[in-house]
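Here are a few notes to go with the model you're about to open. Have a look at the backbone first, then at the surface charges.

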Amino acid sequence: MTKTLKALIQILSDGEFHSGERLGKTLSVTRSAIWKLIKQLATWDLEIESVTNKGYCIPGGLTLLEASKISPFIAPEKAELNLPVEIEIFDSLPSTNDYLLNLKPTSASPETFNQNRACFAEKQTHGKSRRGRSWVSPFAKNIYLSLLWHFEKDPSELSGLSLAIAIATVETLHAFGITKDLGIKWPNDVLWENHKLAGILIELSGEANDVCSAVIGVGLNVKMTNSDLYDRNISQPWIDLQRLTDQTIDRNKLAGMLLNNLIKTASVFQKQGLSAFLPQWQKLDLTFNKPVTIITNTTELQGMGRGINEHGHFLLEIEPGQIKHFASGEVSLRLA
């Protein structure tokens, strides 16, 4: 995104009308150039309203992410947790997870390669979800966050990490007053009344000498205003945060609180593993004692959800007293 286009978005972000003439003077370009820039905004998933004699506006406005507005919500202990003070924010990335997975050490600062890092993107062109699905990622609508964390653990010890991250995401939403009908469907789908609100994707890399790097990706729906447009790309019922609250969502505050909770969760998981999160999981588990179907790469089974074990594996009772354990799969609730 060019600086001029970014400046135009920042002006229009207040949701008010701005004339082409005034925009041209502010940005030191011609009205014809403004018209061309407005056309470019369509490629950034932005809805622009144009009214004769009034000008242009972004209906409802928007909030762009800014590191200076996110940082105050990160606890002071982040320095002790080896997280760089500076937060990376991109206008667009193919995928925030891929960006961190593909990082290489540089000759200028090789010492920073092994630091824990976080990045946000306003838009993802190839956002990823579990089981090879895509994550719809329009510009400046939601939160797309990835955290690179270096665990002093064997990869096998991270099997329950995604469950802990889902809990951290729910606790962030609780802070915004979203508590009723909110829970987690194993392993890590955050749902409100069976509508997906957030998803988590964790990818591992660089396992060696009991050090495993995990890229923790969280996508959180905040304000998806054009339902028809996005429904064509989403295969399951979904909801966004704005429709669940009367308050205006401050995306920078939300981003900061979410990142802060992820940092705390990763730190606790390093020391205590999944056991520290099991009591909270039991409160949020949407499938416990419910009839469910689980689909894996090799089978499809029905039964009753019976929670998880100490490794985070799903427990399915297929016959009275006969319980199977699943390390991976897709669980769906079904009518009794």
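The points below cover some backbone oddities and one charged patch.

1. Bear in mind that this is a predicted model. Most residues other than glycine have a negative phi, and most peptide bonds are trans, so the next three points are worth a look against that background.

2. Start with the peptide bond from Trp186 to Pro187: that one is cis, with omega near 0°. Pro187 sits in the loop that links strand E6 (182-185) to strand E7 (189-192).

3. Asn53 isn't a glycine, yet its phi is positive, at about 70°. You'll find Asn53 in the loop between strand E1 (49-51) and strand E2 (55-57). Is the residue buried or exposed? Asn53 has 82% relative accessibility, and the cut-off for exposed is over 50%, so Asn53 counts as exposed.

4. Asn194 also has a positive phi, near 65°, and is likewise a residue other than glycine. Its place is the loop between E7 and strand E8 (195-208). With a relative accessible area of 45%, Asn194 falls between the 20% and 50% cut-offs and is therefore partly exposed.

5. On to the charges. Which residues form the negative surface patch? They are Glu152, Asp154, Glu157 and Asp210. One of them, Glu157, lies in the loop between strand E5 (143-151) and helix H6 (161-174). Glu157 has 42% relative accessibility, so it counts as partly exposed; patch members need over 30%, and Glu157 clears that cut-off.

Definitions and conventions: Residues are numbered from 1 along each chain as its sequence is written. This is a predicted model: local features need pLDDT of at least 70, side-chain atom pairs count only at pLDDT 80 or more; totals for chains, interfaces and linings use all residues. Side-chain values use heavy atoms; hydrogens and water are left out. Helices (H or I, at least four residues) and strands (E, at least two) are DSSP runs, numbered from the N terminus. Buried means under 20% relative accessible area, exposed over 50%, partly exposed in between (1.4 Å probe, protein chains only). Patches are made of residues with over 30% relative accessible area and no salt bridge: like charges are joined within 9 Å, nonpolar side chains (Val, Leu, Ile, Met, Phe, Trp, Tyr) within 5 Å. Accessible areas come from the Shrake-Rupley method with a 1.4 Å probe; for residues, only the protein chains shown count as cover. A salt bridge is a side-chain nitrogen of Lys or Arg within 4 Å of a carboxyl oxygen of Asp or Glu. Lys and Arg count as positive and Asp and Glu as negative; His and the chain ends are not counted. The place of a charge is taken as NZ of Lys, CZ of Arg, CG of Asp or CD of Glu.
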